[in-house]
Amino acid sequence: MRIHVTYSGGTIGMIDSPHGLQPGADLQGWLNHVLGGTQLGEGNVSITSLDPLIDSSNATPDNWQAIIDDLWKHHDDSDAFVVLHGTDTMSYSSAALSYALTDFGKPVILTGSQLPLGMVETDATANVTGALNAALYQRAQGVTLFFGHHLFPGNRVTKTSSWAFEGFSSPATGPLARTGAPWRWYPVDRSGCGWSNPQPYKRHDVVVVDMVPGITAERLEHLITPRPEAVLLRAYGVGNVPSDEPGLVDVIQCTIADGVPVIVASQCQQAEVLLGHYETGDAIAQAGAVGTGDMTLEATYAKIVFLLSQGLRGSELASWMSKSIAGELTSQMN
């Protein structure tokens, strides 16, 4: 099997500098050493280092597209792909890749590490070899993320810890697999309608607002004025907002009337947004807001940017939030 590695940056390949950790490790030499004498030695793994290598906190949709372009560039030469990425925004990138690569036809596995590869206690070796092993199993279809001995659906995962070696989880579905002798695989519904020939990712003006006790209509209005292209509202529980706050629902209603979709997610990691289940959620549902079902924040945000990049706006974009493109929603939500 031929595997191509796209190295985008992140902690895994960082070294010390006077200003803190920055990219600079010899990743190719390290990878050759790790794989020497294994079934993936002797030229079965190629690698591309993107330019520039970045800390993933600096990632933008332009960086998502740079990864996608490199994957397509090597599509015909490899059987599977591994993307080395920083952990801070890896779950955003894995979700973004899942929407753009439904026609790719080959597995793409993202991974990274909490500690640089040059440290004796690093988790880099376990994560990279785990991602490569997932490719060898040939069951990791679509875009997935490997971390801390678990393989997750790429658009169902969220970062849960800045320090733990098991730093990611999949709140709605659980993992696809966990390492062992042999690996254990679990059934996860990853069905979706796909998206043929997607347009490239571009930056778009999406405002993300958290509901907090005491937020006023005036503050919300100022946060979304001038109007963005979309609003992602992180509400309480199953999609509840302080509906008794004077004018707050009116702000949401006016925003939607101005042609801006208002998408409602939950602040809970494990949730199913059901607008209308409570009166406090029904108020914004009546105003035209739409819920995110059981999507993660990362999958929701990346989906909004993907749809905007395809030219969708307003109610047309909002209608797609309940349709699974790449398995980001549980089927009963569709």
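## Annotated site, first helix and salt bridges

S56 lies in the loop that runs between β4 (45-54) and α2 (61-73). Helices (H or I, at least four residues) and strands (E, at least two) are DSSP runs, numbered from the N terminus. The model is predicted, so local features need pLDDT of at least 70 and side-chain atom pairs count only at pLDDT 80 or more, while totals for chains, interfaces and linings use all residues. Residues are numbered from 1 along each chain as its sequence is written, and side-chain values use heavy atoms, with hydrogens and water left out.

### The annotated positions

An unreviewed UniProt entry places the feature "binding site" at S56, T87 and D88. These positions are spread over 33 residues of sequence but cluster in space, with a largest C-alpha distance of 6.9 Å. UniProt positions are given in the numbering used here, feature names are shortened, and annotations may be inferred rather than shown by experiment.

Is S56 buried or exposed? S56 counts as buried because its relative accessibility is 3%. Buried means under 20% relative accessible area, exposed means over 50%, and partly exposed is in between (1.4 Å probe, protein chains only). Leaving aside neighbours within four places in sequence, S56 is in contact with H85, G86, T87, D88 and T89. Contact means heavy atoms within 4.5 Å. The side chain of S56 also reaches the backbone nitrogen of D88, at 3.3 Å. This is a polar contact, that is, a pair of N or O atoms within 3.5 Å; within protein, one must be able to donate a hydrogen and the other to accept it, and residues adjacent in sequence count only if both atoms are side-chain atoms.

D88 itself is in the loop between β5 (80-84) and α3 (90-100). With a relative accessible area of 40%, D88 is partly exposed. Not counting residues up to four places away in sequence, D88 touches D55, S56, S57 and K159.

### Two further loop residues

S113 is placed in the loop between β6 (108-111) and α4, and α4 covers residues 124-137. S113 is buried, at a relative accessible area of 1%. The side chain of S113 reaches the backbone oxygen of L115 at 2.7 Å. Apart from neighbours within four places in sequence, the contacts of S113 include T87, one of the positions that UniProt lists for the binding site. Others are T11, I12, D123, A124, N127 and F147.

T296 sits in the loop between β16 (290-291) and α8 (297-309). T296 is buried as well, with a relative accessible area of 10%. Beyond its neighbours within four places in sequence, T296 is in contact with N155, R156 and V157.

### Helix α1

Helix α1 is made of residues 27-35, and L27, W30, L31 and L35 in it are buried. Seen down the axis of α1, the buried residues fall within an arc of 120 degrees, so they line one face of the helix. The arc is that of the directions from the helix axis to the C-beta atoms. An α-helix has 3.6 residues a turn, so residues three or four places apart point the same way. Among the elements that cover the buried residues of α1 are β1 (3-9), β4, β5 and α4. Just after α1, G37 takes a positive phi of about 85 degrees.

### Salt bridges

How many salt bridges are there? The count is 9, where a salt bridge is a side-chain nitrogen of Lys or Arg within 4 Å of a carboxyl oxygen of Asp or Glu. The table gives some of them.

| Pair | Closest N and O atoms |
|---|---|
| E221 and R227 | 3.0 Å |
| R313 and E229 | 3.3 Å |
| E328 and K303 | 2.8 Å |

R313 and E229 link distant parts of the chain, 84 residues apart: R313 is in the loop between α8 and α9 (314-320), and E229 is in the loop between α5 (217-223) and β14 (230-235). R313 is partly exposed at 38% relative accessible area, and E229 is partly exposed at 24%.

E328 and K303 also link distant parts of the chain, 25 residues apart, with E328 in the segment after α9 and K303 in helix α8. E328 is buried, with a relative accessible area of 0%, and K303 is buried with a value of 0%.

E221 is partly exposed at 26%, and R227 is partly exposed at 26%. E221, R227 and D258 are linked in a network of salt bridges.
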